[in-house]
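The exercises below are meant to be worked with the sequence and the coordinates side by side. Try each task before reading its solution.

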Amino acid sequence: MGIRVLEAGLYTTVQDAGRSGQRRWGIGRSGALDGLAASLLNILLGNPLEAALLEMHFPGPRLRFEQATVMAIGGADFAPTLDGRPLANWQRHVVQPGQELAFRQPRRGRWAYLAVAGGLATPRWLGSASMNPFAGLDGLLGRPLRAGDEIPLSPGLPTPAAGLALAHRVRPEYVTDDTRPLRVLPGAEFHALDPDSQAALFDEAMTIGADSNRMATRLEGVCLRLAYPVELVSSAVACGSIQLPPDGRPVVLLADAQTIGGYPRVAHIITADLPDFVQRRPGQPVRFQPTTIVEAERAAATQRQRLRQLATAVALTDTARTVPER
């Protein structure tokens, strides 16, 4: 009982908040690329923030529900349908056994998420259900979905009332042009760039390259140069690190990237702005602006506070709905 995969889609995986505390062993965090969308959907359903859900690229999967549940879809808008009827994103929907979920077209964004009440009950490794394609793990821990897979749901949990939707002011405002630059911290080797390249990193728009996956995204349109040759011992990198390979085209590391690297680290996208970056499709522009560690920490703290406030509001709404009238 759970969800049966009829068609797997291009790259559908189980993700959650990722594996923390394992980088010293060479094990990356993995987890949802758009952690904000995943958190918002779990909050909407009353789930823990670390509950497992599906991350989907277009073409999306076709899924049949084998048991009743409540679900919500968000992140990118892939025009979801249930038995052919359009579904609204960022809203709870009741699903009955036998109903099929499909996705018609990519309207906006690059990665969509499907969460269910209680979360997915798939296996965990080192505390996380997130797929890791490099650890030799079995089943959904080590690979994307395939047709015929069965995804178990968490049993015996209370089902939230349907219909609740996130207010528009709470939903992520993904920017798909270069009108709102993404904030970056200068990297450890930023000053190894020649002066023109230092200026170009912040003054010129780049585009998302077609060479992109959950490991990294290559940026096109601007070629950066070093002022002098740099020989580096492999050093720590993280999701959001911008490295400069010898060809001069920057590469942004993402959730499934390695934990160390030898290319110069010229900048790092702050955590609060990563959702905007990962939701941009190939060919869409991106522009960077420098920031400080203080601003980066403040932005992350503000985002965490808003999530806590939203979780409280959703919990109060559900409590009010379940209190019997007197």
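A contact here means that heavy atoms lie within 4.5 Å. The model is a predicted one.

**Exercise 1. Determine what share of the contacts in the protein chain with a separation of 6 or more comes from residues 24 or more positions apart, and set the result beside the overall dimensions of the chain.**

Solution. Begin with the secondary structure: the protein chain has 4 helices and 21 strands. The radius of gyration is 20 Å, close to the 20 Å that the globule rule gives for 326 residues, so the protein chain is as compact as a globular protein of that length. The C-alpha trace, taken along its principal axes, spans about 70 × 45 × 35 Å. Then turn to the contacts: of those with a separation of 6 or more, 76% are made by residues 24 or more positions apart.

**Exercise 2. Describe the surface and the burial of the protein chain, and state how far apart the centres of its positive and negative side chains lie.**

Solution. The first step is burial, for which the cut-off is a relative accessible area under 20%; buried residues make up 51% of the 326 residues. The second step is the surface, where the protein chain exposes about 14,900 Å², with 52% of that area supplied by carbon and sulfur atoms. The third step is charge: there are 34 positive and 31 negative side chains, and the centres of the two sets lie 5 Å apart.

**Exercise 3. Identify the strands that pair with strand S1, and find the bridge partners of Ile3 in S11 and in S4.**

Solution. Strand S1, which covers residues 2-7, runs antiparallel to S11 and is joined to that strand by 3 bridges. S1 also pairs in the antiparallel sense with strand S4, residues 62-65, over 4 bridges. For Ile3, the partner in S11 is Ile151, while the partner in S4 is Phe65.

**Exercise 4. Decide whether Thr122 is buried or exposed, and list the residues that Thr122 touches.**

Solution. Locate Thr122 in the loop between strand S10 (108-116) and strand S11 (150-152). Its relative accessible area is 9%, and because the cut-off for burial is under 20%, Thr122 is buried. Leaving aside residues up to four places away in sequence, Thr122 touches Val14, Ala52, Ala129, Leu140, Ile151 and Pro152. Ile151 is also the bridge partner of Ile3 in S11.

**Exercise 5. Establish how many residues of helix H1 are buried, and examine the backbone just after H1.**

Solution. Helix H1, residues 35-44, is mostly covered, with 9 of its 10 residues buried; among them are Leu36, Leu40, Asn42 and Leu44. Just after H1, Gly46 takes a positive phi of about 75°.

How values were computed. Residues are numbered from 1 along each chain as its sequence is written. This is a predicted model: local features need pLDDT of at least 70, side-chain atom pairs count only at pLDDT 80 or more; totals for chains, interfaces and linings use all residues. Side-chain values use heavy atoms; hydrogens and water are left out. Helices (H or I, at least four residues) and strands (E, at least two) are DSSP runs, numbered from the N terminus. The radius of gyration is taken over C-alpha atoms; the globule rule is 2.2 Å times the number of residues to the power 0.38. Buried means under 20% relative accessible area, exposed over 50%, partly exposed in between (1.4 Å probe, protein chains only). Accessible areas come from the Shrake-Rupley method with a 1.4 Å probe; for residues, only the protein chains shown count as cover. Lys and Arg count as positive and Asp and Glu as negative; His and the chain ends are not counted. The place of a charge is taken as NZ of Lys, CZ of Arg, CG of Asp or CD of Glu. Two strands pair if DSSP finds at least two bridges between them.
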